[in-house]
Structure formats: C-alpha cells, structure tokens
Amino acid sequence: MEPSEAWGERWLNATLPMAKRFMTVATEKRSLVCLAADRRTMAELFDLIDEVGPFIAALKTHVDLIDDWSPSAWANFCALAEKHNLLIFEDRKFADIGKISRAQMAGVYNIKAWSDIVTAHLISGPDIVDGLQAAWNDANREGGVLLLAQMSSRGNLLSDDYTRSVVELGAAHDGVLGFIGNGSRPNELANLRQKVGQQKMIWTPGVNLEVGDGEMGQRYGDPYAAILAGSDCIIVGSGIHGAKYPKVAAESYAQISWKALQDR
Ligand code: BMP
C-alpha cells in the first residue's frame, strides 16, 4: 500500500518532510508504534532493538538515563536504528529560551547530530522551535519538533487553555512536526485532534493494552482507541519492554495500530 492511500488527508496536508518520512516508514512496516526504549544500559538497548526492530517505526530515547553512554556506543546505536529503518526521537523535553535550547542540542550528547525528532515544552514561547531548528541546520540535518500539548501523567498542569495556546502557536510554525497528546484519555485526544486539524501529527504516550494506572502517576489508555481518536503514533514503553516476550508484544501493538489506521 502507498503511504498516501494509508494516510489520506494527513499525507496530503503534511508540511514537514519528517512527517512524510514517518508515514512512509510506518506504512512499509505496517506499524504506528514508537518504542519508548527506556533501557539503562547500551547492551540492553541493543538487545531490545534487535528483538523488536521489525515491528516498530520509531525509537524514542532518553539519552541521559543510560548508565554507560559513550559516543562510540551511540554511533553503533544509530547504525542499528538505520539498519531497522527507524526514526530516532530524543524525548529531551527542551524548555529553555531559543538560543540555549539550540546550544543544548550540542554538548556531550550532541543530539542535533543524530535525532530526527525531539520534544519541547512551549512554556518559554515559540522561539524555542527556531532554536531547535537552527541546531539541526548547524548539523546540516532536518528534524521535526513535537510540542507537549497534553501529558499522560496524573495531575499535570497542562490546562485546556494552555493546550489551546500550544496548538495555535505550533500549528502556525513550519518547524513543528506535531504534538504530544494524552494517550490515556481518548476523549482528550479527540478534542486535541479537532483543535489541531489535519496538518500536524499527534503522537501519544500513556498507552498500554493493560488500561489503567501505571507507576508513579502514569496513566494508560487503549492503543486502538487512541488512533481512532486521532493519534498518528502510539508511544509504547513498558507495554513492550516490560512484557515477558517483547517481540510478541511489539508485533501485537503493531497489528492493532495498523488496523486502527485502516478503521478510522
Ligand atoms: P511507558 O509506556 O513505559 O509508561 O513509557 C512512556 C514513555 O513516554 C516514557 O518514556 C515517558 O518519558 C514518555 N512520556 C509519557 O509517558 N507521558 C507524557 O506525557 C510524555 C512523555 O514523553
């Protein structure tokens, strides 16, 4: 199937090349799954990717929670991601002013050199997106920013008004790939999709086949319901890496996500 057929309006209206790249990979792999690869060592990370790589479309990292991170190990990680045709999404949740966010894309981890996607809060204003895009530009790369419009965690402070402002500013910005929406509440997601329209993506953490409360305030909703409500990518962590058989779990999340896209 061609991505334009699978994604319909979302494909036609997408403005950022990274959006089309994601939709292409997701169509090739028949999976709208981004693995939240929250592993503490490089060896565990490699094992996990080798196991589930064929069933996912993107890899979400928290580069600063890895105990034995090194530039050379990370180069191998990037090569492995490329081998499996995966987008790399560093969930750094940048929040500073534009010029500092640009500088934070460099530093020890040098995120600008290997990330395709990063997350940012818009609390400091829209120049943060320019800062992040300038950093990718410094590295001669293209990338897309996902803005946190909602969160999955209990008691978060992202009010409806705040969400609306993030969407208004983000929808008008070329550097924005889309928004993080709350996967644990399909009705909130449907509202978000209404505000966002067709041009930008919505990616959703807080999804798990076991719906309910997770660890430390995390909340989980149903992956199929999230996509029907307008999500374009389910971000799954524990549901895959915490499963007894991660490969089997990844395959079932992939199947559910692909079916949901056909059904919506
Ligand atoms: P898990 O499925 O294991 O709960 O992992 C969820 C992942 O998504 C984590 O890596 C977390 O940082 C991220 N996340 C989230 O859970 N809720 C949000 O609102 C935003 C996130 O980035």
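A salt bridge is here a side-chain nitrogen of Lys or Arg within 4 Å of a carboxyl oxygen of Asp or Glu. The views below show a predicted model.

**View 1. Salt bridge between Asp232 and Arg10.** The structure holds 12 salt bridges. One of them joins Asp232 to Arg10, with 2.8 Å between the closest N and O atoms. The two residues are 222 residues apart, and their pairing links distant parts of the chain. Arg10 belongs to helix α2 (residues 9-13), while Asp232 lies in the loop between α10 (223-228) and β10 (233-236).

**View 2. The shell around the ligand.** The ligand sits in the largest pocket. Around the ligand are 13 residues, the closest being Lys60, Asp91, Ser152, Tyr220 and Ser238. By residue class, the shell comprises four nonpolar, five polar and four charged residues.

**View 3. Side-chain contacts to ligand oxygen atoms.** Three residues are shown here: His62, Asp91 and Tyr220. In the side chain of Tyr220, an N or O atom is 2.6 Å from an oxygen atom of the ligand. For Asp91, the distance from a side-chain N or O atom to a ligand oxygen atom is 2.7 Å. A polar atom in the His62 side chain lies 2.9 Å from an oxygen atom of the ligand.

**View 4. Burial of the ligand.** The ligand exposes 480 Å² when taken alone, and the protein buries 88% of that area.

Notes:
Residues numbered from 1 in each chain as written. Predicted model: local features only at pLDDT ≥ 70, side-chain atom pairs only at ≥ 80, totals over all residues. Heavy atoms only, no water. Near = heavy atom within 4 Å. Polar contact = N/O pair within 3.5 Å; in protein donor to acceptor, adjacent residues only side chain to side chain. Areas by Shrake-Rupley, 256 points an atom, 1.4 Å probe, with all protein chains shown as cover. 1 Å grid on protein atoms, 1.4 Å probe; cavity = no way out; pocket = protein on both sides within 12 Å on 5 of 7 lines; lining within 4 Å. Sits in = over half its atoms within 2 Å of the grid points. Nonpolar A, V, L, I, M, F, W, Y, C, P; charged D, E, K, R; others polar. Helix = DSSP H or I, 4+ residues; strand = E, 2+ residues; numbered from the N terminus.
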